[in-house]
Amino acid sequence: MSTTLEPTGTPVPSSAARGITGASVRPGDRVFLGLSRGAGLLILLTMASIAIFLVVKAIPALQANTANFLTSTAWFPDQSPAVFGIAALVFGTVMTSIVAMVLAVPVGIGIALFIAHYAPRRLATALGFVTDLLAAVPSIIFGMWGLQFLTPHMEGLGEWLNTYLGFIPIFTNTLGLYSKSILIAGVVLAIMILPTISAITREVFVQVPRDHIEAALALGATRWEMVRLSIFPFAKPGMISAAMLGLGRALGETIAVALILSASYDINRHITEPGGNTFAANIALRWNEAGPIGLSALVASGLVLFVITLVVNMGARAVIARRAEFSGAN
Amino acid sequence: MSGITSFEGDQSTALLRMALSGRRLPRWGVPAAAVVALAAAIGLNAVTGIDGVAGTLVVAILLFVAGQTGWSFSVEGRRHALDRLATTAIYATFALALAPLIGLLATVVVKGSQVLSSSFLTTSMRSVSPRSEGGGLYHALLGTLEQVGIAALIGVPLGILTAIYLVEYAPSGSSRHLARVVSFFVDVMTGVPSVVVGLFVYTAFVLTLGMQRSGFAASIALTILMLPVVVRSTEEMLRIVPRSLREASYALGIPKWRTILKIVMPTAIAGIITGAMLAIARVAGETAPLLLTTFLSQSINPDPFTGPQSALPTFIWDQFSSGTDASVNRAWGGALVLIILVMVLYAVAKIIARFAGVKKL
């Protein structure tokens, strides 16, 4: 974002112009500046207090905990002595997000390419609107649909993976049960983060200079060669950060995952079997039954999730900072 | 080219084109390959007994890809074969994305319309057991409108003010570094998971400040989720307001704050409204923060500040978790109402954006 703040890039009068208008002496301006600066500061204050409150409220549980917070897979924070750890949650969160990323990144880039460079111009706007609609669907509806509609269709895939690719440990299924699995949750997450990834990559793809594209085509490149020679190199930072922003969304998604997974606190490498749990889903599922230490333990797990998403998002921003103006918020 | 054709006629044009671009598949090649692949898949289907439309389609697509690529490879060479393969893959990804959207919307409409009626919209769940039919989501609809409404009342002005600070004041003033930090954290804020925001509101406002779990607590969470979206979209709109408009205003001696209010804002207002509506649509379906900051209610509570208050997402969650046929049907009904609400907001926002963008000079 930093480059957008350069004075040359903004339509704001230079200091000379400001001097002429005498902006600094008017009381109305002082009030307005105060208000708008206050709003900006409030955002910083909010972010700071999120961190502070989560840390403060996580401390009681972390002090009461008798197990290792990082390596334990148990979740009995309201017992005395309290025993809980995030190992199972880390595993479930990472696995669902990996499945989601493996599926959503190539498909999202494909959609962006289709809309930006393959679809007829006239159709492209409408298609962009349609993929944006996918982003507007509330996550709880994705969860219900995933559970009731997608699960029966995915069971066949699970069986197929077990039969033909079962020699790969993650596809082995020893239970013969294929519903409520990490795989299904990952597929639903993939559908949910598709619009994020495709919208941002599309934004970058349409900004590839016309000259680069035409130069490649003039040299006799096929369309795919043009994509590889002109579009991908230019759009690479944008694609990486789009993927990371999608990852951030997948890591923090709550309700859809909470509905689909049958929450369990173990590390099961067989992703087609029922089970698994994520940070966010665990918070939603355990919230209303938790006692004081239980709540504090959930806050502690939320703090870990906050830090992870913060790192991922800041990484994404750092990558794209070189080519400003894509923010994901639009 | 045209000079040569006029001498030699059509046949040599074709020859020349072939010489320039190499041998290509005929125009009918792609559809023909598709038809052959589909026919072969149906034939195979009868022989091997692969079941279902989906299986047949998958086989047909695989045959099409293999056949087309092979044919293209033998006629046009490796580069064009690869190009056709990539084109097919890119078209396929788009179809792959459309399928869940259509499937999801169809499911919601079909299942939801079974329970949707005027009584569903105008009654609450008070003294309706999970097993029995009937009841409705009036209480939840009311809750959502209030909670989202309050969030919008707080979040939209705050977001617009922040954007004004970032675009109009910060770059020329002494606080460039502060603005850079604010801008960075606005971006980071978009990525904070909604469940974490719910945790924050609970720990800060409920545990520490002693506020009740209530509709208003949910509004605070929704405000935080809405803010960065409003800031970014408003910022973008303010940045495309032509500089000459501001300068003309300053030249007439109009103070900066009046210039912003009377000149810059009206010019960008359509875009700002669009951004705000998209932000509202985005938070209207949030479930996780509401689960953490409100208590569920089965009856009508018009007061967002005290007592349990349901909202559409928590109503859906509650009914779906109850798990009886009647309650799951009600959940789908709630999903239909929620999706209509969100889509209407979304569509109106896009229509405003299309017909009243920033006025160009």
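This is a short walk through a few places in chains A and B of a predicted model.

Let me begin with chain B as a whole. Chain B has 361 residues, and 46% of them count as buried. Its secondary structure consists of 15 helices and zero strands. If we take the contacts in chain B with a separation of 6 or more, residues 24 or more positions apart account for 71% of them.

Next, what the record says about this chain. An unreviewed UniProt entry carries the annotation "transmembrane region" for several stretches of chain B, including residues 85-110 and 148-167. In the model, residues 85-110 of chain B are 100% helix and 0% strand, with the end C-alpha atoms 37 Å apart. Residues 148-167 of chain B are likewise 100% helix and 0% strand, and there the end C-alpha atoms lie 27 Å apart.

I would now like to go to a single residue, B:Pro304, which sits in the loop between helix H13 (288-293) and helix H14 (312-322) of chain B. Is B:Pro304 buried or exposed? B:Pro304 counts as buried because 22 other C-beta atoms lie within 10 Å, where 20 or more are required. Leaving aside residues up to four places away in sequence, B:Pro304 touches, among others, B:Glu146, B:Gln147 and B:Ile150, and its contacts also include B:Ser214, B:Gly215, B:Phe216 and B:Ser219. As for B:Ile220, that residue is 84 residues from B:Pro304 in sequence, while the C-alpha to C-alpha separation in space is 12 Å.

From this loop we turn to a helix of chain B, H11, which spans residues 243-251 and in which B:Arg246, B:Ser249 and B:Tyr250 are buried. Why do these residues fall on the same side of H11(B)? They do so because they cover an arc of only 100° around the axis. The face turned away from that buried side carries B:Ser244 and B:Ala251, which are exposed. After H11(B) comes B:Gly253, whose phi is positive, near 80°.

A positive phi also appears at B:Ser127, a residue other than glycine, with a value near 50°. B:Ser127 is placed in the loop between helix H6 (118-122) and helix H7 (138-169) of chain B. With 9 other C-beta atoms within 10 Å, B:Ser127 is exposed, since the limit for that class is 12 or fewer.

Let me move to chain A, where A:Lys180 is another residue other than glycine with a positive phi, near 50°. A:Lys180 belongs to the loop between helix H5 (139-165) and helix H6 (182-205) of chain A. A:Lys180 counts as buried because it has 20 C-beta neighbours inside 10 Å. So A:Lys180 is buried, whereas B:Ser127 is exposed.

Chain A also has a cis peptide bond, which runs from A:Ser80 to A:Pro81 and has omega near 0°. A:Pro81 lies in the loop between strand E1 (75-76) and strand E2 (83-84) of chain A.

I will finish with the record for chain A, where an unreviewed UniProt entry gives the annotation "domain: ABC transmembrane type-1" for residues 90-316. Over residues 90-316, chain A is 77% helix and 0% strand in the model, and the end C-alpha atoms are 21 Å apart.

Definitions and conventions. Residues are numbered from 1 along each chain as its sequence is written. Chains are lettered from A and ligands numbered from 1 in the order in which they are written. This is a predicted model: local features need pLDDT of at least 70, side-chain atom pairs count only at pLDDT 80 or more; totals for chains, interfaces and linings use all residues. Helices (H or I, at least four residues) and strands (E, at least two) are DSSP runs, numbered from the N terminus. Two residues are in contact if their C-beta atoms, placed from the backbone, lie within 7 Å. UniProt positions are given in the numbering used here, feature names are shortened, and annotations may be inferred rather than shown by experiment. The arc is that of the directions from the helix axis to the C-beta atoms.
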